[in-house]
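Here is a friendly walk through the structure shown below. Keep the viewer open as you read, and look up each residue as it comes along.

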Amino acid sequence: MKNILAYCRPGFEKDCAAELAQVSSEKGFYGYAKVVSDAGYVVYCFEQTETIEELIKQLQFNRLIFARQIIAINELVEFESGSRVESLLEAARQLPLAEEVWIETADTNDAKALSGLIKKLDKPLKTGWKKSGVLRNKAVGVRHHVFLLDGEAAYLGVSYAECRSEFPLGIRRLRFPAAGPSRSTLKLEEAFLQFVPEHKRDTDLLEGMTAVDLGAAPGGWTYQFVKRGINVIAVDNGPMQKELMSTGLVDHEKADGFKFEPPYTVDWLVCDMVERPIMVAELMAKWLANRWTRRAIFNLKLPMKKRYQEVVLCLELIEAKLQKAGVGYQFQAKHLYHDREEITVCIIAQ
Ligand SMILES: C[S@@+](CC[C@H](N)C(=O)[O-])C[C@H]1O[C@@H](n2cnc3c(N)ncnc32)[C@H](O)[C@@H]1O
């Protein structure tokens with residue numbers, strides 16, 4: 001395979017490409033991106049084509065911020081009239097055997113118009129794949145992806161377990177809870193699912209723990225703690241949802257989130273304040289360096305053009321401050337599906 005196809009949120013193609021360029025060049029892989037604005041994906045072409053699988057493994061999908069999915073691909077498959085499945089199958093014979101095949105498209109309004117065609121192709125594609133022997137149960141962890149661009153062409157490629165998202169289109173869909181005070185609640189729910197591994201959710205999000213929520217109103221993020229029986233100090237001058245306040249688990253502090261200091265060390269700090277990313281990064285570093293919290297989840301709002309570069313500046317600032325304070329930590333950052341012009345960062349101090 002020659003190239004990488006990365007799915008991303010439409011409008012974030014340049015950021016996804018900038019990150020791929022930076023991270024892959026750090027691993028000794030050089031290339032260039034083909035970017036179409038608002039397409040919802042990026043194709044990254046490499047010079048060292050024979051080792052793309054190796055690069056994908058080294059990229060560590062969970063370390064990538066803007067890519068929702070990464071797939072190793074060859075050239076575009078252009079369909080001959082009336083034989084889409086046959087054209088794809090011919091190209092599939094050049095790929096490693098797989099245990100399954102998915103058919104997808106970009107997360108854009110234009111691409112949504114392809115949903116009828118995707119439904120129509122799904123069954124014949126899976127049957128064709130099975131019959132021709134490119135699907136094998138023993139090809140564990142290898143998945144073929146057909147990424148439909150329109151009715152005339154698709155990218156066909158391969159993803160590998162542990163180096164990819166397990167969700168169609170790389171999107172973790174969540175249902176809005178009826179009692180949720182705001183749609184923002186889904187951002188923190190997705191962040192917990194993304195950053196707190198399943199085997200740690202019982203111990204890291206335990207009833208009776210304590211949290212501070214900076215910029216809490218009306219309470220979507222606080223709600224995620226309260227539903228787990230976690231006590232929250234909600235800091236915001238704005239009003240909190242009444243039902244949340246009546247649980248007795250929330251202490252509403254009408255204060256400035258940049259000046260507030262916790263009365264005791266808390267288990268979690270979360271922050272959704274709309275502020276310059278560098279200010280938020282500085283504040284988070286202060287809390288972690290002072291050991292006011294061990295865990296922090298926060299949004300970096302990115303209304304600027306060079307979003308990836310801004311994120312790098314923020315992460316470097318945090319690294320410098322925590323290193324100076326002698327605080328070891330692990331971090332992950334992701335442009336989650338429920339994020340819009342922002343990314344979510346999780347830092348766990350040791
Ligand atoms: C995006 S909203 C938060 C939504 C909330 N996470 C939820 O799920 O409902 C941002 C909030 O930050 C608050 N905010 C902005 N600057 C603040 C500051 N300096 N101190 C405290 N709150 C602040 C605003 O009042 C607003 O309620």
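## Charges, rings and cores

Lys57 sits over the face of Tyr160, 5.3 Å from the ring centre. Bear in mind as you look that this is a predicted model. Arg143 is placed likewise over the face of Trp102, at 3.6 Å from the ring centre. Side by side, the two cases read as follows.

| Charged residue | Ring | Distance to ring centre |
|---|---|---|
| Lys57 | Tyr160 | 5.3 Å |
| Arg143 | Trp102 | 3.6 Å |

Rings also meet other rings here, and the count comes to eleven aromatic pairs. How are the rings of Phe29 and Phe46 arranged? Their centres are 6.5 Å apart and their planes stand at 90 degrees, and because an angle over 60 degrees counts as edge-to-face, that is the name this pair gets. The pair links distant parts of the chain, with the two positions 17 residues apart in numbering: Phe29 belongs to the loop between α1 (13-26) and β2 (31-35), while Phe46 is in strand β3 (residues 41-46). Both Phe29 and Phe46 are buried. Elsewhere, Tyr7, Tyr41, Phe147 and Tyr155 make up one aromatic cluster.

Next, the nonpolar interior. The largest nonpolar core holds 84 residues, and Trp129, Leu214 and Phe298 have the most contacts inside it. Helix α10 (residues 277-289) is the top contributor to this core, giving eight residues. The core takes at least three residues from each of domain 1 (3-170) and domain 2 (185-349). To explore it, try Leu214: among the residues it touches, leaving aside those up to four places away in sequence, are Val235, Phe260, Leu269, Leu283, Met284 and Trp287. There is also a second, separate core of 24 residues, which includes Leu205, Met209, Trp221 and Val270.

Now for the database annotations. An unreviewed UniProt entry lists residues 182-337 as "domain: Ribosomal RNA methyltransferase FtsJ". Across residues 182-337 the chain is 37% helix and 22% strand, with the end C-alpha atoms 16 Å apart.

The unreviewed UniProt entry also places the feature "active site" at Lys301. Lys301 is part of strand β13 (residues 293-301). Is Lys301 buried or exposed? Its relative accessible area is 12%, so Lys301 is buried, the cut-off being under 20%. Leaving out residues up to four places away in sequence, Lys301 touches Lys187, Asp272, Met273, Val274, Glu275, Pro277, Glu341 and Glu342.

Definitions and conventions
Residues are numbered from 1 along each chain as its sequence is written. This is a predicted model: local features need pLDDT of at least 70, side-chain atom pairs count only at pLDDT 80 or more; totals for chains, interfaces and linings use all residues. Side-chain values use heavy atoms; hydrogens and water are left out. A nonpolar core is a set of buried Ala, Val, Leu, Ile, Met, Phe, Trp, Tyr and Cys residues joined through side-chain atoms within 4.5 Å. Buried means under 20% relative accessible area, exposed over 50%, partly exposed in between (1.4 Å probe, protein chains only). Helices (H or I, at least four residues) and strands (E, at least two) are DSSP runs, numbered from the N terminus. Domain bounds come from an automatic or database domain assignment. Contact means heavy atoms within 4.5 Å. UniProt positions are given in the numbering used here, feature names are shortened, and annotations may be inferred rather than shown by experiment. Rings of Phe, Tyr and Trp (its six-membered ring) pair if their centres lie within 6.5 Å; planes under 30 degrees apart count as stacked, over 60 as edge-to-face and the rest as tilted. A charge sits over a ring if NZ of Lys or CZ of Arg is within 6 Å of the ring centre and within 35 degrees of the ring normal.
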